[in-house]
Amino acid sequence: MAIQQRAERTRQEILSAAARVFDRWGYERASLARIAGDARVTTGALVFHFATKADLAVAVRARARAVTGITVESACLSAEGVGGTAVDKLVITTHALIRLFETDPVARAGERLARELQPTDPASSRDCPWRREVSRLARYAVAEKALRPGVDATAVATLIGYVVTGVELEMRCPCPPADALRLLGDGGPQGPCVPESGALHGSAEERLRRIWELILPGLVHPAAQAPQGPADTPRKPGPTSTPAPLAPGQTSYGPAPTPAPHPQGPPSQGPHAPTSRTATPGPRPQPPRTAAPGPHAQGQAPRPTPGPTPPPRPAPHAPRPAAPHTSRPTPA
């Protein structure tokens with residue numbers, strides 16, 4: 001049992017080393033001696049597990065397909081958890097693939113071997129799990145009517161395949177800083193890297209995001225585009241929103257008052273006359289009377305209104321008038 005476990009561990013170490021060598025040097029420049037040196041095993045031990053380099057390439061590609069298949073399936077399941085459409089799953093799947101290619105040399109080796117061995121193995125592209133998933137999601141997007149009229153699902157899948165492959169190829173040759181370009185030393189098996197004019201900069205995932213921003217408006221139907229974030233979601237008016245203008249006769253932001261009855265009776269019947277009940281005519285409201293402007297209108301204090309003049313009171317020491325003398329008749 002211990003011998004079998006040790007043999008399986010050695011096999012997995014050889015596969016990991018072969019993936020790193022294939023990823024860096026490609027199929028033609030990789031050799032069994034290089035792979036054995038990277039795995040720190042003898043060439044005899046390597047040949048015991050894998051007789052030829054072709055056998056190693058087949059095993060590495062099978063391992064890469066398993067890794068990418070799990071990644072694509074997990075990405076689609078995560079999009080279904082939030083109610084994502086087929087277009088959402090396409091975007092999420094490609095981002096998950098780029099993250100995988102940045103971190104896993106086995107997945108990158110599988111991509112490079114698929115390109116280099118495609119002329120001798122035409123079925124290599126059909127065995128790619130992420131390409132099959134992209135084709136399936138493109139057909140679903142057409143069935144959901146999420147794409148613009150006339151957009152072909154095969155063309156969409158091909159375009160996305162070109163985008164993913166292009167980003168994966170560009171991440172193999174990161175552009176060095178400007179000081180390092182002056183040296184122009186040995187840039188590895190692919191030669192020195194010279195940045196192209198107009199090339200996208202930043203991480204691989206940032207490049208993919210900017211590419212999606214460019215191609216999505218030309219693919220997705222305008223009616224199928226959902227809000228991309230909380231900022232695009234229509235919000236209900238809250239206490240801080242601007243209130244609507246007041247209705248005629250309304251003094252606060254409560255319910256509008258009931259309109260007063262028309263003073264002249266029901267309105268004339270016409271094409272725009274209301275069909276509701278006719279209000280009973282009432283008395284014409286009288287406007288309030290306003291007093292004439294007095295002197296206080298110019299900023300002076302108001303004066304009291306004069307009343308009736310009281311009769312003059314007699315002086316306290318004036319003599320009283322004498323009563324008229326009346327003579328009485330003398331009795332007989």
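## Exercises on a predicted helical model

R40 lies in the loop between α2 (32-39) and α3 (43-49). The exercises below concern a predicted model.

### Exercise 1. Backbone and exposure at two loop residues

Determine the sign of phi at R40 and at K145, and state whether each residue is buried or exposed.

*Solution.*

Step 1. R40 is not a glycine, yet its phi is positive, at about 60°.

Step 2. The relative accessibility of R40 is 80%; exposed requires over 50%, so R40 counts as exposed.

Step 3. K145 is found in the loop between α7 (129-143) and α8 (153-170). Its phi is also positive, at about 60°, although K145 is not a glycine.

Step 4. K145 has 68% relative accessibility and therefore counts as exposed.

### Exercise 2. The two sides of α2

Identify which residues of α2 are buried and decide how they are arranged around the helix axis.

*Solution.*

Step 1. The buried residues of α2 are I35, A36 and A39.

Step 2. Around the axis these residues cover an arc of only 100°, so they sit on the same side of α2.

Step 3. A33 and G37, on the other side of α2, are exposed.

### Exercise 3. Length and faces of α7

Compare the expected span of α7 with the distance between its end C-alpha atoms, then locate its buried and exposed residues.

*Solution.*

Step 1. α7 has 15 residues, which at 1.5 Å a residue should span 21 Å. The end C-alpha atoms are 21 Å apart, in agreement with that expectation.

Step 2. The buried residues in α7 are P129, W130, E133, V134, L137, A138 and A141.

Step 3. Viewed down the axis of α7, the buried residues fall within an arc of 165°, so they line one face of the helix.

Step 4. The face turned away from the buried side of α7 carries R139 and A143, both exposed.

### Exercise 4. Salt bridges between and within elements

State how many salt bridges a search of the whole structure finds, and describe the pairs R20 and D38, D23 and R172, and R112 and E116.

*Solution.*

Step 1. Side chains of opposite charge can pair when their charged atoms come close. The search of the whole structure finds 11 salt bridges.

Step 2. One of them joins the side chains of R20 and D38, with an N to O distance of 2.5 Å. This pair links distant parts of the chain, with R20 in helix α1 (residues 2-29) and D38 in helix α2, 18 residues apart. R20 counts as partly exposed because its relative accessibility is 37%, and D38 is partly exposed at 33%.

Step 3. The side chains of D23 and R172 also meet in a salt bridge, at 2.5 Å from N to O. Here D23 is in helix α1 and R172 is in the loop between α8 and α9 (178-183), 149 residues apart, so that the pair links distant parts of the chain. D23 and R172 are both buried.

Step 4. In the bridge between R112 and E116, the closest N and O atoms are 2.9 Å apart. Both residues lie in helix α6, four residues apart, or about one turn of the helix. R112 is buried, with a relative accessible area of 12%, whereas E116 is partly exposed at 35% relative accessibility.

Step 5. Salt bridges that share partners join D23, R108, R115, E168 and R172 into one network.

### Exercise 5. A buried charge without a salt bridge

Explain why D104 has no salt bridge, and find which backbone atom lies 3.0 Å from a polar atom of its side chain.

*Solution.*

Step 1. D104 is placed in the loop between α5 (86-103) and α6 (105-117), and D104 is buried.

Step 2. The nearest side chain of opposite charge is that of R108, 6.8 Å away. A salt bridge requires a distance within 4 Å, and therefore D104 has none.

Step 3. The side chain of D104 does have a polar atom 3.0 Å from the backbone nitrogen of V106.

### Exercise 6. Cysteines and disulfides

Give the count of disulfides, and state whether C76 and C128 are buried or exposed.

*Solution.*

Step 1. A disulfide is a covalent bond between the sulfur atoms of two cysteines. With a cut-off of 2.5 Å between cysteine sulfur atoms, the count is zero.

Step 2. C76, at 6% relative accessibility, counts as buried.

Step 3. C128 has 10% relative accessibility and is likewise buried, the limit being under 20%.

Note on methods
Residues numbered from 1 in each chain as written. Predicted model: local features only at pLDDT ≥ 70, side-chain atom pairs only at ≥ 80, totals over all residues. Heavy atoms only, no water. Helix = DSSP H or I, 4+ residues; strand = E, 2+ residues; numbered from the N terminus. Buried < 20%, exposed > 50% of the residue type's maximum accessible area, 1.4 Å probe, protein only. Lys, Arg positive; Asp, Glu negative; His and termini not counted. Polar contact = N/O pair within 3.5 Å; in protein donor to acceptor, adjacent residues only side chain to side chain. Expected span 1.5 Å × (residues − 1). Arc of directions from axis to C-beta.
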